[in-house]
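Morning, everyone. I have one chain to go through today, and I will keep it short. Please have the model open as I talk.

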Amino acid sequence: MNSAVLPGEAARRRPRPTKWAMLALLRRDKFALAAAVFLVVVVLAALVGPPLLGGIGIDMDLMARNAPPFEPDRGFWHILGSDALGRPILARIIIAARPTLLIAAAAVLLSMVVGVLLGLIAGYKGGIVGDVIMRLTDIVMSFPSLLLALVVLYIFGPAITNVIIVLAITRVPVYLRTTRAEVLEIRSRMFVVAAEVTGASVFRTVSRHILPMVVPTIATLMTIEFAFVMLAEASLSFLGLGVQAPDFTWGVMVAEGRSYLATAWWLSFWPGVFIALVTMSLNLLSNWLRIATDPVQRWRLEREVASDE
Amino acid sequence: MSETLLEVRDLSVEFRSSRGITRAVQNVSWSVAPGETLAILGESGSGKSVSANAVMGLIDSPPGHITSGTAMYGGRDLLQLSGAQRRGINGKSISMIFQDPLAHLNPVYPVGWQIEETLRIHGVSSGEARKRALELLEQVKLPNARQRLGDYPHQFSGGQRQRIMIAMAVALRPDLLIADEPTTALDVTVQARILDLLKELQRESGMGMVLITHDLGVVAQVADRVVVMKDGQVVEGGAVGDVFRRPAHPYTRKLLSAVPGQEPFRHVEQKPEVLVEAKGLVKEYLLASNPFKVGATPTTRALDDVSFKLHAGETLGIVGESGSGKTTLARTLLRLTQPTAGEIAYKGTNVFSLRGRALREFRRKLQVVFQDPTASLNPRMSIHEIVSEPWAIHAGVLPRAEWRAGVEDLLVQVGLKPEHADRYPHQFSGGQRQRIAIARALALQPEIILCDEAVSALDVSVQAQVIALLKELQKKHGLAYIFIAHDLPLVRDFADRVLVMCKGKLVEEGTTEEIFARPKDPYTVELINASPHPDPERLDRHEIA
């Protein structure tokens, strides 16, 4: 009818984007592209870095104690400065990347899966089951999470898997409550009712109509949680209940540099920068993903493609 | 009339975005004199609200730009005012009321306080303001005005809220009142009373009125002059009687002929087969009660002893205003809620006892088209996925390899193109979306389609097209429709039999001709009379009476 005024005339003829089309969409968003490149570099460094580095970053060099950054005479690895035992910070950041990302990603994924699943049940089914889930959530939320972590880790011992599980449990309520609130709203929308009236099973209604609407919110939430979990893990490690030496994480590095903040700020600063950069990259990427997967918004990314045609 | 109050000349407004320039209105001119009512008539997207918004300074810039034109009011050009000058005129000399009064009243303040605020901003003392607020509420005929000053917006009905909005708009005795679709969200009987009120206030104060509407009936009932807009341009203007009797522009003629309620009554032979039979349906809802009070919880009856039959191949119209229980009835028929008492039989079996296979079979045979096509289509699914979903749910109806062809065939049947299958709902207009919803309903070859206000959200000309499509599909597939609507003329054209509902009760039942030509129940009579009719002849008679 009045097709002339609708957006993205050329773009609309395109069916659901394939993998390659998604990559083309990523190219349209310069910030998201930069974020993706940065994350790939960090992950690669975490995977292949430690064996290649060998002793660099672990061996002490008392001549270079708390050496300030940007002094090329000391060699490339000392470019970001050195820590209290003269170990180059850049190398230590690369070594710490693997445990840091592993713990944070595992904890975020675990809490997301559990939280979203319970949130879907509480939101869609409601009733007594929903009430029980919500009250348990309230209990977890009202209990100080650090105290909970301390108790659990004291009893079970500070292994990495325990740290992941504890961090996941304390963050489940965030996903659960968000998911439940969204589901309550979405399930009363007409297209969900339309599916139910057509005879759709509960599984189909939830997986095809409700979950896809919740995913963008959850993706954004996960990126924020990623930073939170990294810092929470640092607090636990600081208290001696998290990652144990000789392993260390960015959070641990921030915590160790705390006592030198006045004299050698770079000890805490650089690992902190990496925590912030990873979080920000994830955030930019999730924002791009939200737009790219939403047919109503996708034209924003396709605009330039459309004008080429 | 020689004197003009506001004269808009050659106004052009465009909205610039990265996607290009949309010319919302082009070279629009109109004027309004004191005591006169000018109607700006147009369908959605015609730009009918834009010129009034420009006059009020409500165009956001960017993206909006006023590229040409003047709006002369009292020797000044309203389009050139500064913010301070604007505040001196808006509300005081020119005021505006909107379609949705709930959105424009602040929910956290009592209505009396909000009216007083309007007065206080413009320098009326506190005590004086209180007195005036009460006077105003009495003037707009709000029942028990004195007791209700302290009530909050949610405690009023839609019509009462619109009265409160009107009270606020006329509080400072403006010269000009701009009403943007003031009655669109209201029931016909309420609409009639609000329009009467506006006319009366106008007679008392001699203010000019600009009424923006899509409803030709409203125009015929209240306006002196009318301008018809299409695609941002004025296509026709003049006295209402002249325009309606001798429309010059083809678009106006098309609009007038699309108005429902002009066709002869349908006479269809009733088939003996009863598809659905409702017996003594009752649905009670618990009201909020005081937990410390002993005794039964108070209940309200949304459905009160409703019984009817639906025969194969017929169209059963169900009419009622908001709160009449017609939506509850639809939900009960769809088995979305359980009735408190009574039963619904589908071909002799109670649908509430259906389980498993039998339930799926029932779901297959009864399909639904909802009011808002935007909300009833999943925005993240392509048209192909939406239309083929019923086949995914009911395995075995159509093998997956034939879905593509099946979807394309359905799209062609509802007047869309096969290549539309790869698009998404937001890329279609409202009427097209409703066609998609109809295609989805047809996918399972149902016997009954329940249309819950299926065309109420659409423009008149689109409405006529969708109704024509429904009729055609009925002929082709022998469908039975349950057509729930608040719009009487529409039901008159489309239904074979009509049920009239009021406060959960069925007050009258009969063939369409019986209901419209010889209504028996006083409520039916009121409903038919309140419905605005786009015929100035009829209007003249109405005014004499």
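I will start with the whole of chain B, go on to its two domains, and end with a single helix.

First, a caution: this is a predicted model. Chain B holds 22 helices and 20 strands. Its radius of gyration is 26 Å, close to the 24 Å that the globule rule gives for 545 residues, so chain B is as compact as a globular protein of that length. Along the principal axes, the C-alpha atoms fill a box of roughly 75 × 65 × 45 Å. Of the 545 residues, 44% are buried. As for contacts between residues at least 6 apart in sequence, 70% of them join residues at least 24 apart.

Now the domains. The domain assignment splits chain B into domain 1, residues 6-258, and domain 2, which is made of 313-337 and 353-544. Their C-alpha centres lie 32 Å apart. Where they meet, 21 residues of domain 1 of chain B are in contact with 17 residues of domain 2 of chain B. Which elements of domain 1 give two or more residues to that side? They are helices H8 (188-205), H9 (216-222), H10 (240-245) and H11 (250-258) of chain B. H9(B) gives the most, with five residues. By type, the residues on this side of domain 1 of chain B divide into ten nonpolar, six polar and five charged.

Let me take H8(B) from that list. This helix has 18 residues and reaches 26 Å from its first C-alpha to its last, close to the 26 Å expected at 1.5 Å a residue. Its buried residues are Val188(B), Val190(B), Gln191(B), Ile194(B), Leu195(B) and Leu198(B). Why do we say that they line one face of the helix? Seen down the axis of H8(B), the buried residues fall within an arc of 155 degrees, so they line one face. The face turned away from the buried side carries Arg203(B) and Glu204(B), which are exposed.

What covers the buried residues of H8(B)? The cover includes helix H7 (158-170), strand S7 (176-180), strand S8 (208-213), H9 and helix H21 (522-530) of chain B. H21(B), at 522-530, falls in the 353-544 segment of domain 2. H9(B), also part of the cover, is the helix that gives the most to the side of domain 1 touching domain 2.

One last detail: just after H8(B), Gly206(B) takes a positive phi of about 70 degrees.

That is what I have; questions are welcome.

Methods
Residues numbered from 1 in each chain as written. Chains lettered and ligands numbered in written order. Predicted model: local features only at pLDDT ≥ 70, side-chain atom pairs only at ≥ 80, totals over all residues. Domains from an automatic or database assignment. Contact = placed C-beta atoms within 7 Å. Helix = DSSP H or I, 4+ residues; strand = E, 2+ residues; numbered from the N terminus. Nonpolar A, V, L, I, M, F, W, Y, C, P; charged D, E, K, R; others polar. Expected span 1.5 Å × (residues − 1). Buried ≥ 20, exposed ≤ 12 C-beta atoms within 10 Å, placed from the backbone. Arc of directions from axis to C-beta. Rg over C-alpha atoms; globule rule 2.2 N^0.38 Å.
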